[in-house]
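Welcome, and thanks for opening the viewer. Please keep the chains in separate colours, and we will walk through them together.

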Amino acid sequence: MSLEVFLLLAAALFSVGVYGALSQQSIVMLMMGLELMLNGITVAAAAFWYFIGPGAPSDQVVVVVAVVAMAVEMAVGFAVTTAIFRARDVDMTDMAADLKE
Amino acid sequence: MSSNRPPATSSASSLDEHQTDSDPRDPVKENPAALIPEIALVAAAVIGLLAGSWLPRRRQWVVRVLAAGACVAGLAATAAAMLDTPQRVFDGSYAVDPATNAARVIILAATLLVLCLSVDAVGGHRHETEFYVLVLLASAGAIALVGADDLLTLFAAYLLASVPSYGLVGLLRNPLGTEAALKYYLLGALLGIVMLTGTTVLVGVAGTSSYPGLRDALTGAPPAAVAFGVVAVTAGILFKIGGVPAQFWVPDAVDGASTPAAAFVSTIPKIGGLGAAWRLYTHALPAHSVDWALLAAIVAAASMTLGNLAAFGQTKVKRLLAYSTVSQVGYLLMAVTVAGRSGLAQRALWYYLAAYAVTNLGAFAVVAELPSAVTIEDYRGMARRHPALAAALAVCLLGLVGTPPTAIFVGKLEIFTATINGGYTWLAVLAVANTVASLYYYLRWLAPAFLAAPADREDAALVTAGTWSAAAAYTAAAASVALGIGAGIALPLGAGRLLP
Amino acid sequence: MLIWVLLGVPLAVGAGLAVCGQRTDRVAAPVGVAAASVTLGLAVGAAVLRPSASAPLFIGIRAGFAVDGLSAVLVVTVAAVTVAVLVFAAADIGAGEARSRFFGIMLVFAGAMVVTVTATGLAVLLMGWEVMGATSWALIGFWWHDRRRVEAGTTAFVTTRAGDIGLYMAAGAAVAGGAGSLQLDALPRLGSPWLDVVTAGVVAAALGKSAQLPFSFWLSRAMEGPSPVSALLHSATMVAAGAYLLLRLHPLLAASGWGQPVVAWVGAATAVALGLVAVAQRDLKQLLAASTCAQIGFMVLAAGAGGVAAGTAQLVAHAAVKSLLFLAAGAWLSALGTKQLAALAGAGRRYRLVGVTFTAGVLALAGIPPLSLWATKDTVLAAALARDPGLYAAGLAAAVISAVYSIRAARLIWLPAPVEGNAAYDTERPGTRRVGPLMAAPLVPLAAAAVGLGVYALPAVTAAFERTVATRGEPGPPGWSLGLSAGLAFAAAAATWRLTGRARMPAAVTATLGGWLGLEAAAHMVVVRPTLRAAGALARFDDDVVDGAVRRLAAAAVGSAGVAARVGEVGVDDVVAGVASGARRLGRIARRPQTGLVHQYYAQAAAVLVVLVAIMVLVG
């Protein structure tokens, strides 16, 4: 197993995530896409740490930051989604389009 | 390309050695006193949150006083810090230098203005405490964006500045506010992840995340990876400042959010984001690597043009102001474009940021004072009924155009000069054209305000909200003029050499 | 700088006219002719000054342009023919037509040819090549209401595209083989397998573009377009581009070992076969088209035989002669409404100037000394003789055939007009019964060139030309060869003059040759029909998809021509209406991205970020 293999895995996860984020209109599915992108980042950062700089803390911190970001973003995301679902019964992005030109 | 940058490598390495000697893992050796303004904001937020849950709704003003006190304390501490020597703290990941201090002053003062203009709208509201707490946290995040001297600190600051803002926008729980929060959040989440991707790539190829380390390590890195990383990190910054292509949230969030929240998210994060871009470009990237100046120039040109054009036909005042902020970001990015090419750029950026903050908040304060007036047409007859407020509006809107003697006039002059100085004449020409064009839509708003209202109209639209918003508007207008007249004193405050 | 202006003027003015549409119809003709004249002036300047320039295109690939000897000759030829053709078109494409679109696309087309002949690298050459192909489609299908003409445009486009794949293959092989810069002069130095792939690709692309065997049929269909289009397409541009490519890359052909004989024999075979096809035609424009294939065959033969100067001279002389003949045919078509040879009997008597110039052209085409094509063809034959007597024999036969079909056309137009008068006229479109001064004007200088270029036969001129094109010591035609070809040409001409109008060709011959050797039918049989049959088999599995696609494709071809016409005609209104409304309109456009739909925000932001990354990667 080499760095390239893990980076490929990371890129694959990230790409699936991008596809999900760009193609889904259901807010929850879209957030799943974002989640997958973060997973890709985590894998890449862990691979960088393991293969390139086991002594340096930077990449390890990236992993921690990515996990924290995942938790925080998703907590806020579900709060907002719940709020708009309660207020307007909306769970798709195209149903929330009152603010526009 | 950065002839005026100090020959940094030697002093940077000696600084690093020094810190390694002093064992960065020992927090006692760090100097928490250097972070008093940030700590004050966060502490006030925590205390305010705890206190707010015990206080009855009618006495939540205590939290407001606490928040204002934190800002004032932070301003005092910053004043002291400005006399101190610049330093790096927390393992070199956070810089306290003239840029951070300038950002602290502007952000804390702007936060005070936001607190002032929000009293009429949120006073007595069941989420009053939460509003203040979120404002304090987001302000701390905005300051941290400027101080961050490490990519991971930068991303943490991004989260700290963003997450409370999402809450702020959706706080009033009306349907439009929730939709605004949803859009703001979704864009912020995507671009935040893009930013973290860029961070990962840069850290991966450089093996370090600190700016001085990056500047050394990125010299031999694959250029395509560096270019991707820089654009991706810039994407997050662009979200914070509302520049193209991350400007989509601006009109929708400003339109849907409550006016105080809109005033906050369209002003304070910009100060942090632009400071962050400045430090990132000039201090984390080696000379002759990525042409970040071109990147900033493209984004600047697109932002100012798109913002101005989109504001042309706009009839809702909040959306008009939203687009105007997008175009202002374009002018501000011009200073970033010529960072390192023109010695004038740095002071021009900070001066313009200060001028923009007070002027933009002044315009929002007027909107907050007249909560029922939604469209431009609703302002008809305003000068007759509220002459002082109309005068404040005129000062702020003409200020946004850049009319002497307001502060933005001086700011634009400085930035355009710096841009031409730095060799981006085409950008300056485009900016001048945009400035001239922008007069059109600001005047479209002012003209009805100074016309007589039709006789048969009930003036329900021009009912005022209270004294606090009006006070904020007068203060901001006065400050805008004062800053313009006192430019000679204010300008040098934004200069001062950054830590290498 | 000069070279950028030279490239920029036709492309920019053309694009502007094409985009502006109906609004500029009134000024399109003068603007187009003026732009072409300026281009001609610049071309002459460039031919004298020999400028070169380059700009970064992709990583490691620069967009280089240079005017060397070969390019100088071609640039001037292209520009001169374009001026003549556009002057003619100003009269031929009437006021009621979409003149702006026509002149615009013509200029872009000519500009693309200039790009092609000045490019120093394969990347830019490909761009010019592609633009030329696309604009030729738009020009042949100019009258897009007529489905047949659109189909003709599509045939031309698809056929040349099939050849173009070779050029892409060549570019890919060049990169794979280590010539990453794609510079033309680096190609012959490639290693063994890649050199062969590049050569094969280039040869296929050039033969396709030049309508050599087996791709010749598209040129027949291309006659559906307006006469000025035929005149430009068949003389200095498009078909000449293939010959130019082979002449330019003759070191590549030489390096490959097999390239030269293949190309030479294809050229000779085309010259003979398509010459016979021309003899059997009943339609004047079809005759000229087949003769174009045959004459280009001589240039291809020259490229294969190593006679670069000879091939180039043939190209220039042929450009003058063929544009003249097509314009004359166009003038008659416009005046009499027919291009059938039988119906054109006596046309020369009726419109003397056209008749005289046309006759000068066909005499040159017949190889009658001392006219232009006689001189150039003999140098080509000399090059062939030096290589292989078989090639020489084939070339000589082709020369005799060209005398036959040329004189046949000349004889027919000078026959006495049929007694029944106008019955055969106006079969193709209503004729105007007059040839205006604008139509006649370009014929005279072109005829002068067709005759005058015979000076090429003088050894001093030949030597000077060879120096210009920077080749050394090409064999000159021996005296006996000049005499032989001249004698054969005279004999064939005399025989044809006597026989035309009296003897009839056997029906079987006319059927085969008149139908262009059944090449298109063969292409249908070998390529199109099996493809369709396979599609039919697949249709059993998925009837809807394939069937729908075929129908959609047909509809799209017609529809897109319509769209192209319409796109050219909207968009300028409001700018003219005033700055204020323009700004408001821009404002509406600027607000359009703000759709209110988050997933669209996502897509737009992602797209812009990708572009920014691309810019940063490319610039950095």
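Start by selecting chain C. Among its contacts between residues at least 6 apart in sequence, 81% join residues at least 24 apart; two residues are in contact if their C-beta atoms, placed from the backbone, lie within 7 Å. Before going further, note that this is a predicted model, where local features need pLDDT of at least 70, side-chain atom pairs count only at pLDDT 80 or more, and totals for chains, interfaces and linings use all residues. Residues are numbered from 1 along each chain as its sequence is written, while chains are lettered from A and ligands numbered from 1 in the order in which they are written.

Stay with chain C and switch to a cartoon. You will find 28 helices and 2 strands; helices (H or I, at least four residues) and strands (E, at least two) are DSSP runs, numbered from the N terminus. Chain C has 620 residues, of which 55% count as buried (20 or more other C-beta atoms within 10 Å of a residue's own, with C-beta atoms placed from the backbone).

Next, select chain A. Its elements run α-α-α from the N terminus on, with 3 helices and 0 strands. Of its 101 residues, 42% count as buried. For contacts in chain A between residues at least 6 apart in sequence, 53% join residues at least 24 apart.

Now add chain B and look at where it touches chain A. Here 32 residues of chain B are in contact with 30 residues of chain A. On the chain B side, helix H6 (151–170), helix H7 (175–206) and helix H10 (249–256) each supply at least two residues. H7(B) gives the most, with 18 residues. Colour this side of chain B by class and you get 17 nonpolar, 11 polar and 4 charged residues; Ala, Val, Leu, Ile, Met, Phe, Trp, Tyr, Cys and Pro count as nonpolar, Asp, Glu, Lys and Arg as charged, and the others, Gly among them, as polar.

Keep H7(B) selected and add helix H28 (residues 598–619) of chain C. How do these two helices lie relative to each other? Their axes come within 10 Å and cross at roughly 30 degrees (axes are lines fitted to C-alpha atoms, for helices over the stretch in contact, and angles run from 0 to 180 degrees between N-to-C directions). H7(B) and H28(C) are therefore roughly parallel to each other, a term for angles under 35 degrees.

Finally, show side chains: B:Lys183, B:Leu186, B:Leu187, B:Leu190 and B:Val194 of H7(B) make the contact with C:Val598, C:Tyr601, C:Tyr602 and C:Leu609 of H28(C). By class, this contact has 8 nonpolar, no polar and 1 charged residues.

Terms used. Buried ≥ 20, exposed ≤ 12 C-beta atoms within 10 Å, placed from the backbone. Parallel < 35°, antiparallel > 145°, perpendicular 65-115°, else oblique.
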